[in-house]
Amino acid sequence: MEKLLLGIDIGTSSCKVAIFKSDGEVVSQSSSHYPIYYPKPGWVEQNPEEWWMEVCKSIQKCLESKLLIDNEIVGIGIAGQGWSAIPVDKEGNCLHNTPIWLDTRATDIISNVASSITDEDIYNVSGNSFSPTYTTPKILWFKKHMPELFNRTYKFLQSNSFIGMKLTGKMSSDRSQNYGLHLYNPITYQYDLEMASRFGIPIDKLPEIYQCHEVIGTITEEAAAITGLKVGIPVIAGGLDAACGALGAGVIQNYETQLQGGQAGGVSICLNEPKTHPKLIFSPHVIPNRWLLQGGTVGGGGALRWFKEEFGEHLSFDELTKRAEQIPEGSDGVVFLPYLAGERSPLWNPKVKAMFYGLSFKETKSHAIRAVLEGVVFSVYHNLLIAKEAGVDIEKLDISAMGGAANSMLWIQIYSDVTGCRIKVPSSDTATTLGAALLAGVAVGVYNNFDDAVEQTVKINRQHLPDLNRREKYEESLALYLKLSTWLNKEMFI
């Protein structure tokens, strides 16, 4: 009987569930979509109960695999989107939809807090800027605008901890997700009681902190009845989707870097010592004594999906990129800034807008497609330039790509040419669920340690090497992108 591991990923547009063998081979996998709600300008919500409902459906589908008849699931890991603020009562009932990472309703909170707590004080504790998209302002928004709900709230949970609670009955938080709270010190892994008091957030409304690979409980009879899982399977705390994805892509050593090519874009640079920058995102990795310096952009794969849905004339993603291949590097001067829902790092401006620049009568739709691909890459590289200011030698990064963009030969080659770095593409496109499963595997003893887990499971499918001639061709477009970005951010700053 082989020991199997189950990984769950609570993404922005869908949940993904996969069951793995100890060598990383996928036994079965399933995904299920759920809606995003936009009830008011700046509000972007999801219903955690809908996450749970779709997770249950996906688990049930995965368990239909005949390969499970003679094998056994021995551990479950959970990854999830960051910056949730899920209010639950003592019985675990969800009291309100959660604002997700795209939500900017708490913009007014930022100026209110600034009158009593300086940005420097916040940064010195958390290593992160005070932006309305993080968890802290959202909790304070509930306190200010929905005080009755705030008072009824027993705990504020994150996406993975909500699913963990549903599976085990245990309310928890974990080291990697907690960085969204500015009263949490990501170096000591502890809540800062003084900062909690200054924010006016009662510390008892925050769950106990667990290591990401620590068991929080086991599958309850109630969860077993709904999901089809066996009672008693250990469930670990899990962590941030980007951090689990980094683990699943084999990013666990200093300067190894995960390139995120999903709905959002970004990079996660693994560090063996903390390095922070106020324009970037700093969090613990899901493995102990490692940290991630991250750049998180809004316009990742979602920018190409938007273009496809609005202007693609039913073209597939492959057909879109084939048309982009017809256009030379730099898109003949057409530049796209992918700020379709404001921008996170390094601009931190919810009001900044997307734009095409350089269009004339001679440009075609193919130019626009190529510009979208390049604009997303430029937005990620902008974050790497800021990481250089934090002391990271970005020329030495060892990059592994994951997400939908990793399936595009052209897109990843653009990333390689612009960054000047070799980019590896793991053979599995399930890096985030695999990372969650590896956390569980280390917890229950399937692997001796995280090095062992990566060695056994992460295989490289292909690699892209930078072309210096092409890189030189991008310099003019990149310079124009950065100039336009600075101008837009200044004109539309809060």
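Modeller: A residue is buried under 20% relative accessible area, exposed over 50% and partly exposed in between (1.4 Å probe, protein chains only). The model discussed here is predicted: local features need pLDDT of at least 70, side-chain atom pairs count only at pLDDT 80 or more, and totals for chains, interfaces and linings use all residues. Residues are numbered from 1 along each chain as its sequence is written, and side-chain values use heavy atoms, with hydrogens and water left out.

Biologist: Is T430 buried or exposed?

Modeller: T430 is found in the loop between β23 (423-426) and α14 (431-444); helices (H or I, at least four residues) and strands (E, at least two) are DSSP runs, numbered from the N terminus. Leaving out residues up to four places away in sequence, T430 touches F20, V26 and Q29, where contact means heavy atoms within 4.5 Å. The relative accessibility of T430 is 7%, so this loop residue counts as buried.

Biologist: Which residue lies 6.0 Å from I10 in space, C-alpha to C-alpha, although 71 residues separate the two in sequence?

Modeller: I10 belongs to strand β1 (residues 3-10) and, with a relative accessible area of 0%, is buried. Residues up to four places away in sequence being set aside, the contacts of I10 include C15, Y34, W51, V55, S159 and I163. Others among these contacts are A79, G80 and Q81. The residue at 6.0 Å, C-alpha to C-alpha, is Q81.

Biologist: Why is helix α6 described as largely enclosed by the rest of the structure?

Modeller: Helix α6 covers residues 159-168, and its buried residues include S159, N160, S161, F162 and I163. Also buried are G164, M165, L167 and T168. The helix is largely enclosed because, of its 10 residues, the number buried is nine.

Biologist: Which residue follows α6 with a positive phi?

Modeller: The buried residues of α6 include L167 and T168, towards the end of the helix. After the helix comes a residue whose phi is near 85 degrees, and that residue is G169.

Biologist: Which helix gives the largest share of the largest nonpolar core?

Modeller: A nonpolar core is a set of buried Ala, Val, Leu, Ile, Met, Phe, Trp, Tyr and Cys residues joined through side-chain atoms within 4.5 Å. The largest one has 56 residues, of which L259, L337, V392, L397, W411 and Y415 touch the most other members. Its largest share, 13 residues, comes from residues 365-389, which form helix α12.

Biologist: How many residues does the other core hold, the one that includes I100 and Y447?

Modeller: In the largest core, L337 is one of the residues that touch the most other members. Beyond its neighbours within four places in sequence, L337 is in contact with A354, M355, Y481, L484, S485 and L488. Another core lies apart from the largest one; its members include I100, A246, A249 and Y447, and its residues number 43.

Biologist: What is the volume of the largest cavity?

Modeller: On a 1 Å grid over the protein atoms alone, a cavity is a set of points where a 1.4 Å probe fits but cannot get out, and lining residues have an atom within 4 Å of a point. Points are joined across faces, edges and corners, and a volume is the space filled by probe spheres set on them. There are six cavities of 30 Å³ or more. The largest is lined by 14 residues, with T104, T133, E343, R344 and P350 nearest its centre, and its volume is about 90 Å³.

Biologist: Which elements give two or more residues to the lining of the second largest cavity?

Modeller: The second largest cavity has a volume of about 60 Å³. Its lining comprises 14 residues, and F156, L157, Q158, L181 and L206 are the closest to its centre. The elements that give two or more residues are α4 (135-145) and β8 (155-157).

Biologist: Which residue forms a salt bridge with D398?

Modeller: A salt bridge is a side-chain nitrogen of Lys or Arg within 4 Å of a carboxyl oxygen of Asp or Glu, and the structure has 17 of them. D398 takes part in one whose closest N and O atoms are 3.3 Å apart. The pair links distant parts of the chain, as D398 lies in strand β22 (residues 398-402) and its partner in strand β23, 26 residues apart. That partner is buried, with a relative accessible area of 16%, and it is K424.

Biologist: In the salt bridge of K57 and E54, which residue is buried?

Modeller: The side chains of K57 and E54 meet at 3.5 Å, N to O. Both lie in helix α1 (residues 48-62), three residues apart, about one turn of the helix. K57 is partly exposed at a relative accessible area of 38%, whereas the buried residue, at 9%, is E54.

Definitions and conventions
On a 1 Å grid over the protein atoms alone, a cavity is a set of points where a 1.4 Å probe fits but cannot get out, and a pocket is an open set with protein on both sides within 12 Å along at least five of seven lines; lining residues have an atom within 4 Å of a point.
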